[in-house]
Every structure is written in C-alpha cells, then in structure tokens.
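User: Please take me through the model shown here in a series of questions and answers.

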There are 2 protein chains.
Amino acid sequence: MNGAVVLFTERGYAGTSLDEVCKRARVTKGALYHHFSGKQGLFEAAFDAVEQDMLGRLAEIVSQPGDVWQTSMEGLRAYLQVCLEPAYQRIVLHEGPVVMGYEAWKQAEERFSFGLVRTAVSGLMDSGLIGELPEEPMARLLFGALAGGATMIVAAEDQKKASEEIGRCIESVVAGLRALKETGWTDRAVTTGQ
Amino acid sequence: MNGAVVLFTERGYAGTSLDEVCKRARVTKGALYHHFSGKQGLFEAAFDAVEQDMLGRLAEIVSQPGDVWQTSMEGLRAYLQVCLEPAYQRIVLHEGPVVMGYEAWKQAEERFSFGLVRTAVSGLMDSGLIGELPEEPMARLLFGALAGGATMIVAAEDQKKASEEIGRCIESVVAGLRALKETGWTDRAVTTGQ
DNA sequence: GTTTGCGCCATACCGTCGGTATGGCCGACA
DNA sequence: TGTCGGCCATACCGACGGTATGGCGCAAAC
C-alpha cells in the first residue's frame, strides 16, 4: 500500500505495473486482488491515503482560533505547501481526475481538499470580508488557481522563491476581492472598467 | 487523425486502442506507425490539432482593436468558452499533462493557450490597470482558475448558468486586483487585513 | 476430535494491446 | 529495364491487467 503510493508517485499510474507493486509489498497478485478490486481500486486506496495524510496535518491549522482572515490565509498557505509534495501533486492533482474519472475525483475532493477551500471561501463571505459572489464557482476558481500555482512551483528552478511569489499573489487576489467589496463597485462598473 | 481526436475525447488516452483508431481511419497499424512515432506521438498530434483549432478562433478576438481591459475580458470569456468544448477539455486540460508529462505539456501550452493568458496579464500590467505583481505566477494562477472553472462548468447540470457565474467571478477577481491597486494597499495591509 | 465452511492467498493461465520485423507494391530515376 | 526508396499491410512478440483454480489454516458445529 505504502509502496503503491511511492510507485504511483514516481512512475505514474500507467508506468506502474502490478507485478512491481506486488514484488515491493512481498505478496502475489492473488493477495493484491483479494484486497483491492483491481489497479484502479489500488490507485483509489493510495489516493485516499494521501488525502487523509494531508487532511490530518491541515485540520489543526485551520481549526486554530483567530479571525477568519488570518486562519484563511494560513490555511491557503498551508495547503499550497501540501501541493508541493510530490505524492499529493501527482496522485491527487494530476492523475486523480484522469484515472478515477472527473466525476469520482470531484466527489472525493469534496470530502478532502476542495472541502477545505470551500469552507475558507464560505467563511470569508459569511463574515462579510469579501463580496457576495456565488460560493461554489469562487471556490472552484480558487482551487484551480492553487493547483495551477502548485504545478508551477514544482517546475520552477527556485522552488522557495516561486512558492513565496505564488503565496503573495494568492493573497493579493483575495485581498483584491476585499478591496472590491469595500470600494463598492457595481457589476456594470466591473464589466466596463469604469 | 480526426478520428483520433474523437476517440481520445470520448474514451480518453488509456481507453483508446490503436486498432480502433486504425479501423476508423481505414488504415492498418503499419501506416499509423509510419506517420507517427507511437501512441504518444499520435496523442501529441491530436493535441496540436486541437490547440491550433482553438488558437485560430481566439486570435481574431484578441487582436481586435479596443482598450486593454475590454479585449482582455473578451479574451478571457472566449477562452472560457473554448474550455467548454469536450475535445479541448479532455485532451488539452486533463490528459495532456499526464500523457505528455508535465514538462512537455507546459512547453506546448506556452505556445498556445497559456501564451494567450500570459499576454493578457502582461497587457493589463503594462497599461497599469492592475498592480505590479510577478507576471508568471499571476498568469499561472489565472490559467489554473480558468481550467478549474471550466471543469466545473462541464460537470454542472445547468451549464449556461454556471458559465455566466464563472465568467462574472473571473471578472470580479481581475477587477479586484484593479481595485487593490487603486486603493493603494500596502503589502502589510494585505497580509494583516487592516 | 473430526468435519465443514470460509477467509486468505499463491500459481498458472488467458486476452488485449502497444510495438516491431518483415516483405510486398509502386513510382522515380538512371 | 533494373533498382532504390517511400509507403504501408501482415504476422508476430512481449508486457501487463485480470481471472480461475486450488491449497492452507482456523474456527464453529456436532
């Protein structure tokens, strides 16, 4: 199981053979197929393991006391940090939707990382810090932005610098939504630019 | 070739067999392997075809005269529309990075859709409409947000409504960056929220 | 204590599919 | 007319996901 996470991370889903997983786990395919429904089932188990690991570490950060803005920003930064881990990036962000199918992946994410982002957005809106934009689309955009930023960070030569830049940009985006609310622009003003 | 795009779109990369592609194109594997280096080469050709098709339709919209803000917003809306097309979504956005590898996918995107987003962001910054945040990360975030929003739209029951919501949210995000610049908040104000 | 049944897993095998090796067909060109 | 090379059809190989079968051990039933 742990070996499966390693192999899926290093070689991807298609590049990982079940024989190799069995060899690393010191079992045979009979045992593997007794515990999992097949290669996809094994992948979903690895997916869940990675997500659970992430969730456990993030939960305490998000649940700490403090104002909504502070905890939201810390949560975003912490999640961005998670997105840098190879296992999370490859298994959850990149191959998850392709291997599991987008619909199943979406439902799984609802219980894990996307749920975190959604509650952060919801908290910011409920406390009136950002405008009353539709919650689901905003959360989905932010989630996509985080994933896109994370993949850039990993591909960067100076990951530390890239990570800080992305973090600042994310905060600027959310701060922009806050500024937009406080200046009280109308919808028309937004679309025309004046 | 066109049949390959259809099959990769409907059944994905792993679910598409070369025999099926050959049958649809009325050729044999000998012919296929004469023109393409293999399954991955075939996928990359399909990828290029889809991207070229997209680029041709978007170029005229972006290149039309008008102020930077207007054309940028129209470009974002138009690209969002492209993201709704099944072929683009599955081949370019979802399976591209997995099949081609993230590094090759990133380089290809640089010539196509990500290039468009990057020039839009660059234009907004150069004309002073949004603050001087680092360009590459901002473009990467916006690109991820667009992709995330598009996948949500496709999964929605009411795609038209979802598309309009996402469009408004995207504009709000960029408008927020504009408001942030005009109110002149400092970095410290951003991170502390006051 | 024996038997029956079941959970657990090892082994051998099959079907599919990506990829290759071989050779035939046909036009260009000397 | 001989031959050389681009183009492609056919037959085949190896790898891999998945399955069928059976053995082993343990616990409940009697």
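The turns below treat the conventions, the chain pair, the DNA contacts and one helix residue.

User: Which pLDDT is needed for local features in this predicted model?
Analyst: Residues are numbered from 1 along each chain as its sequence is written, chains are lettered from A and ligands numbered from 1 in the order in which they are written, and side-chain values use heavy atoms, without hydrogens and water. The model is predicted; totals for chains, interfaces and linings use all residues, side-chain atom pairs count only at pLDDT 80 or more, and local features need pLDDT of at least 70.

User: What rotation superposes chain B on chain A?
Analyst: Copies are superposed by least squares on the C-alpha atoms of residues with pLDDT of at least 70 in both. The RMSD is 0.0 Å, with 0.0 Å of shift along the axis, for a rotation of 180°. That is the relation of a two-fold axis.

User: What percentage of the interface residues of chain B are also interface residues in chain A?
Analyst: The copies meet through the same surface. This is because the share of interface residues of chain B that are also interface residues in chain A is 100%.

User: Which helix gives the most to the surface near DNA strand C?
Analyst: A residue is near the strand if one of its heavy atoms lies within 4 Å of it. DNA strand C is surrounded by 13 residues, the closest being T28(A), H35(A), L18(B), K29(B) and Y33(B); sugar and phosphate make up 57% of the strand's atoms within 4 Å of the protein. Helices are DSSP runs (H or I, at least four residues), numbered from the N terminus. At least two residues come from each of α3 (29-35) of chain A and α3 (29-35) of chain B, and the most, 4 residues, from α3(A).

User: How far from a phosphate oxygen of DNA strand C does a polar side-chain atom of T28(A) lie?
Analyst: A polar contact is a pair of N or O atoms within 3.5 Å. For a phosphate oxygen of DNA strand C, the distance to a polar side-chain atom is 3.4 Å for H34(A) and 2.5 Å for H35(A). For T28(A) the distance is 2.4 Å.

User: Is S72(B) buried or exposed?
Analyst: S72(B) belongs to helix α5 (residues 68-83) of chain B. Beyond its neighbours within four places in sequence, S72(B) is in contact (heavy atoms within 4.5 Å) with A120(B) and L124(B). Buried means under 20% relative accessible area and exposed over 50%, with partly exposed in between (1.4 Å probe, protein chains only). At a relative accessible area of 7%, S72(B) is therefore buried.

Methods
A polar contact is a pair of N or O atoms within 3.5 Å; within protein, one must be able to donate a hydrogen and the other to accept it, and residues adjacent in sequence count only if both atoms are side-chain atoms.
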